[in-house]
Amino acid sequence: MFAVSLAVALVAGSVSVSAQKQQQIFISLTTPDGKPVEGLQAGDVSITENDVNCKVVKLEAVDWPTKLQVLVDNGRPNTTPINPLRDGLKALFELMPEGTEKQKLIDGIALVAPDGGAGMFFDALSEAAERVAKDKVPGFPVILMVGSDFGQVKVLDQPYLKLQQTIIDKGITTHVTVTSGSGGTAGGQAQTEIGLNVTKMSGGRYEGITAPSRLSTLLPEIGKKIAASAEKQRHQYRITYERPDKPAAQPSIGATVRKEGVVQMSLRGNLP
């Protein structure tokens, strides 16, 4: 028998969680060598919320796709020279799971050309998050921002809060790289702060680099992480349970599985 728990306040807004009479969580169960354990039944799982036993209403096996958006700043810091960026993108796309249009993505890399303007760092992140919010087809969303410190970034509180809330609500795993280069300005501090924040809150990876040559190896490193997470997420169970009569605003959820294996749990299914 194996148990796992998480504090909801760390990954979800307390208001939206406490307002629900039912709550959903995702559980991944694997053997010690990482193979998925099949055939989990509702009777194999016990759920507690703040140490109160909860009724499991439904258990469903899910096999949702990972939906990746790659945002590339093709300004000077990332494209002088450009070959490491192109090589890194090619290696990244080659690592993506079967079923994706890998060759189409790889063929499009040649269209990435240097641009003298400053990248729209925050606007691009916000637009990508908004696309996730509008997508009605279940999946595990991932955003990879290949950014730079070139240009000023001014962000108002409300749009920034909206971006963060969308990342939380939709379970968007966000990875960010920021290349520092000649022409970088005080705006680079904002890119770094935003990148650190959205990656920390989403379980993604942040990497600040000083030369574009690092992109040729960094992007496939992140690609391996995305591919590994995608494989885990394909073998999960979504569990719906009834919450206690008087749920806490910041509950702690626990799950006990009566089968041998390694358990991981999350609210949105976006496993590391």
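These legends go with a set of close-up views of one predicted model.

**View 1. The whole chain, before zooming in.** This predicted chain is built from eight helices and 12 strands. Its C-alpha trace spans about 60 × 40 × 30 Å along the principal axes. How does the radius of gyration sit with a compact globule? For 272 residues the rule for such a globule gives a value near 19 Å, and the chain comes in at 20 Å, so the two agree. As for contacts, take those with a separation of 6 or more: 85% of them link residues 24 or more positions apart.

**View 2. The surface, and what it covers.** About 13,600 Å² of the chain is exposed, and 53% of that comes from carbon and sulfur atoms. On the inside, 44% of the 272 residues count as buried.

**View 3. A four-stranded open sheet.** Here the strands line up in the order 5-10-2-12, with antiparallel pairing. Which strands sit at the edges? They are strand 5 (56-62) and strand 12 (262-266), each of which pairs on one side only. Going from one strand to the next, the twist averages 25 degrees.

**View 4. Strands 2 and 10 up close.** Zoom in on the sheet and you find strand 2 (residues 22-30) running antiparallel to strand 10 (residues 236-242), with seven bridges joining them. One spot to look for is Ile27, whose bridge partner in strand 10 is Tyr237.

**View 5. The largest nonpolar core.** This core has 21 residues, and the ones that touch the most other members are Leu71, Phe121, Leu125, Met145, Leu163, Val176 and Ile194. Which elements give it two or more residues? The list runs helix 5 (121-134), strand 7 (140-148), helix 6 (157-170), strand 8 (173-179) and helix 7 (187-202). Helix 5 gives the most, with seven residues. As a bit of background, nonpolar side chains tend to be buried together in soluble globular proteins.

**View 6. Around Val176.** Val176 is one of the core residues that touch the most other members. Setting aside its neighbours within four places in sequence, what does Val176 contact? Phe121 and Met145 are among its partners, and both of these are also on the list of core residues touching the most other members. The remaining contacts of Val176 are Gly195, Val198, Thr199, Arg205, Tyr206 and Glu207.

**View 7. Another core, set apart.** Apart from the largest nonpolar core lies another one, of 19 residues. Its members include Ile47, Tyr241, Met265 and Leu267.

How values were computed. Residues numbered from 1 in each chain as written. Predicted model: local features only at pLDDT ≥ 70, side-chain atom pairs only at ≥ 80, totals over all residues. Heavy atoms only, no water. Pairing = 2+ DSSP bridges. Axes fitted to C-alpha atoms, helices over the stretch in contact; angles between N-to-C directions. Core = buried A, V, L, I, M, F, W, Y, C linked by side-chain atoms within 4.5 Å. Buried < 20%, exposed > 50% of the residue type's maximum accessible area, 1.4 Å probe, protein only. Contact = heavy atoms within 4.5 Å. Rg over C-alpha atoms; globule rule 2.2 N^0.38 Å. Areas by Shrake-Rupley, 256 points an atom, 1.4 Å probe, with all protein chains shown as cover.
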